[in-house]
Amino acid sequence: MKINLKSLTLKELEEFIFSLGEKKFKALQIFKWIFQKGISNFDEMTDLSKNLRESLKEKAYISELKLLNSITSKNQDTVKYSFLLEDQECIESVLMRYEEDLGIGRVSVCLSTQAGCARGCYFCASGKNGLARNLKFYEIADQVLKIQNLIKENEERAANLVFMGIGEPLDNYFEVIKVVKLLNEPNSLNIGSRHIAISTCGIPEKIIALARESIPVRLAISLHSADSEKRSFLMPVNKKYPLEKVLQACREYQQICKRRITFEYALIKDFNDAKEDADSLFKILRGIKSLINIIPFNPILDCKFKPSPLIKVKWFRDYLKNKGISATVRKSRGLDIDAACGQLRLKNVSQ
Ligand code: SF4
């Protein structure tokens, strides 16, 4: 059976190349072709000898996600890509152009980490069909590699990664950490850890584990309400891991790694946008170095909620700021192509 070179670490690749009777250093050349240049065809690896290329073709292959389609938003700042996995599941990834934050030509990519999601948040389309499976680290990496290859002709570069697409990243912890380390590698895309953010619905033991990792990525928690009953309605995970436990884990996280935590707060009309909601937020986050990222709510099908009006969004932000909490409003992107937060969906094309 042929071996998938994309599934190997550099060390494993060295062992494989050595087993072919070649010098180990050739593994690094191949690794760079795969993870730096996004090449999957051995014939394009021009610095390898013909003999080695032939032997690789015989014994190995390099898996690739298949691009099914891409849709660009009207204002061109967002592109949603649908990719087919080997088992016919279809995942989505999103490219976002934030020139003001990242600089011209530097783009942000939102990645899926699971095919579906088991957490079933009320406002999110990604979990509506449950979890199909976890993605392998190389399937997560491939979303960036594919997008990088598509945008390089515009002289654009994937410079920022957000693990906020389909799936709960911390439910696929091992593969997510593996891909973060891989993409941070100077021999792959070399994306700095400050430019990598992991967003979670709040899994206490994994939040603490993340603080101890050698890669200091940014952490975001989907909060959406400071009231336990309201949060449990929006996010059933709150019944298993109540808010107090998540906040305790956030405190431990900061004791260990001292990094600020972003709290995502989707503002929903007449549900979590009142003065009392802002006051409760202020109260529960006391003692945690935090940034509240207010997201204008993105409606999905069958959801009874509506977004708060813009004037209320700004009022909420300013009210928090006046109380001394850092708060920003995230600009909604890709609404017209169902690529905004919570709108990505898993499909199985064989069904
Ligand atoms: S918001 Fe995140 S955790 Fe919740 S269902 Fe969607 S993908 Fe899963």
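This is a short walk through one protein structure, from its domains down to a single strand and a ligand site.

Okay, hi everyone. One thing up front: what you see here is a predicted model.

Let's start with the overall layout. The protein splits into domain 1, residues 3–61, and domain 2, residues 66–348. Their centres, taken over C-alpha atoms, sit 34 Å apart. Each side brings residues to the contact: 14 from domain 1 and 14 from domain 2. How much area do the two domains bury between them? About 1,100 Å², and 57% of that is on carbon and sulfur atoms. On the domain 1 side, look for Lys6, Phe35 and Gln36, which supply 45% of the area that domain 1 buries against domain 2, more than any other three residues.

Now let's zoom in on strand β4, residues 78–84. Is β4 enclosed or open? Seven of its seven residues are buried, so β4 is largely enclosed by the rest of the structure. As a reminder, in a regular strand the side chains alternate between the two faces of the sheet. Here, Thr78, Lys80, Ser82 and Leu84 point one way, while Val79, Tyr81 and Phe83 point the other. And yes, that includes a lysine: Lys80 is buried along with the others.

What about the neighbours of β4? On one hand there's β3, residues 66–72, which runs antiparallel to β4 and is joined to it by six bridges. The two make a hairpin with five residues between them, and in that turn Gln76 has a positive phi of about 70 degrees. Then there's β5, residues 89–97, also antiparallel to β4, with seven bridges joining the pair. That hairpin has four residues between the strands, and Gln88 takes a positive phi near 75 degrees.

If you want one residue to follow across these strands, try Val79. Its bridge partner in β3 is Thr72, and its partner in β5 is Leu95.

Next, the ligand. Which residues surround it? Cys117, Arg119, Gly120, Cys121, Cys124, Ser126, Gly167 and Glu168. By type, that shell divides into three nonpolar, three polar and two charged residues.

Last stop: Lys128, in the loop between β7 (114–116) and β8 (131–134). Lys128 is partly exposed, with a relative accessible area of 39%. For a sense of scale, its C-alpha atom is 29 Å from that of Leu291, which is 163 residues away along the chain.

That's the tour, thanks for listening.

Methods:
Residues are numbered from 1 along each chain as its sequence is written. This is a predicted model: local features need pLDDT of at least 70, side-chain atom pairs count only at pLDDT 80 or more; totals for chains, interfaces and linings use all residues. Side-chain values use heavy atoms; hydrogens and water are left out. A residue is near a molecule or strand if one of its heavy atoms lies within 4 Å of it. Ala, Val, Leu, Ile, Met, Phe, Trp, Tyr, Cys and Pro count as nonpolar, Asp, Glu, Lys and Arg as charged, and the others, Gly among them, as polar. Buried means under 20% relative accessible area, exposed over 50%, partly exposed in between (1.4 Å probe, protein chains only). Two strands pair if DSSP finds at least two bridges between them. Domain bounds come from an automatic or database domain assignment. Contact means heavy atoms within 4.5 Å. Buried area is the accessible area (1.4 Å probe) that two parts lose on being put together, summed over both.
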